[in-house]
Amino acid sequence: KMFCFFLLLIAANSFVVKNVGTGLKPFTSPIKMVENESVEKNKVEARIYEISNGMHKLINKLLGTEINGILHVGIGVYGCEYWFSNRIEMVDLNYIEKAIGLVPKTVICLGETELSKEEFERFIESDLLPKFNIEKYDMFFNNCNHFADDVSKYLVEKPLPKYVMDISNEVYNAMDKTGVDFSNKIARYVMISWGRFNRKASLDKHRKIFN
């Protein structure tokens, strides 16, 4: 089981580094994207990426789970996407694919918010920064999806879809403590690598890093 997750995390790290460096587009969204719709109406979207590159099937085989992928979720609002990797950051939606090297597999409308961008970013700085940082990162209980879930609850008072949040619980329940601890150590390395390789200077004016 530990070896299974080692393979997954190393593959995910290589996949992220390669795609961020080259701008490859390995996934195509199955829905039609409405460009900049969130700018006018403060529409809030869950932007869901599948980052295992198919290796979740190996996880299912070795752990006996039935997950449909390893998901990363960002929140689209105010014409930007907010997410957590080794830090919390925001990038203009027009540049998000260049920033992380992926397009969403699915985009779900969560609703609309009456809160301003300034109010939301004050909430990030006061409430989310102390919780979501690399020191407190946990691939099962405090990851990018938990960040997106907290943001969704704040902006539109509803959680992310249950199937998104259930994946980490299902995998955690299938592993022993040694596998869990080892996986978390590797996951932190993956997140640090992701953060390091998506720092493109050309995106600086379209990006905000919260620290």
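Accessible area, the surface we will meet in a moment, comes from the Shrake-Rupley method with a 1.4 Å probe. In this predicted model, the protein chain exposes about 10200 Å², and carbon and sulfur atoms supply 53% of that area.

Now let us look beneath the surface. The protein chain has 211 residues, and 54% of them count as buried. Its fold is built from eight helices and six strands. If you start at the N terminus and walk along the chain, you meet the elements in the order α-α-β-α-β-β-β-α-β-α-α-α-α-β.

How do parts of the chain that lie far apart in sequence come together? Take the contacts in the protein chain with a separation of 6 or more: 77% of them involve residues 24 or more positions apart.

The aromatic rings offer a good place to see this for yourself. The structure holds 12 aromatic pairs. One of them joins Phe84 and Tyr137, whose ring centres are 5.9 Å apart, with 50° between the planes, so the pair counts as tilted. This pair links distant parts of the chain: Phe84 belongs to strand β3 (residues 80-84), while Tyr137 sits in the loop between α5 (117-128) and α6 (144-156), 53 residues apart.

Are these two residues buried or exposed? Phe84 has a relative accessible area of 1%, so Phe84 is buried. Tyr137 has a relative accessible area of 7%, which is under the 20% cut-off, so Tyr137 is buried too.

Finally, try finding a group of rings: Tyr78, Tyr82, Phe120, Phe123, Tyr154 and Phe210 are linked by ring pairs into a cluster.

Definitions and conventions. Residues are numbered from 1 along each chain as its sequence is written. This is a predicted model: local features need pLDDT of at least 70, side-chain atom pairs count only at pLDDT 80 or more; totals for chains, interfaces and linings use all residues. Side-chain values use heavy atoms; hydrogens and water are left out. Helices (H or I, at least four residues) and strands (E, at least two) are DSSP runs, numbered from the N terminus. Buried means under 20% relative accessible area, exposed over 50%, partly exposed in between (1.4 Å probe, protein chains only). Contact means heavy atoms within 4.5 Å. Rings of Phe, Tyr and Trp (its six-membered ring) pair if their centres lie within 6.5 Å; planes under 30 degrees apart count as stacked, over 60 as edge-to-face and the rest as tilted.
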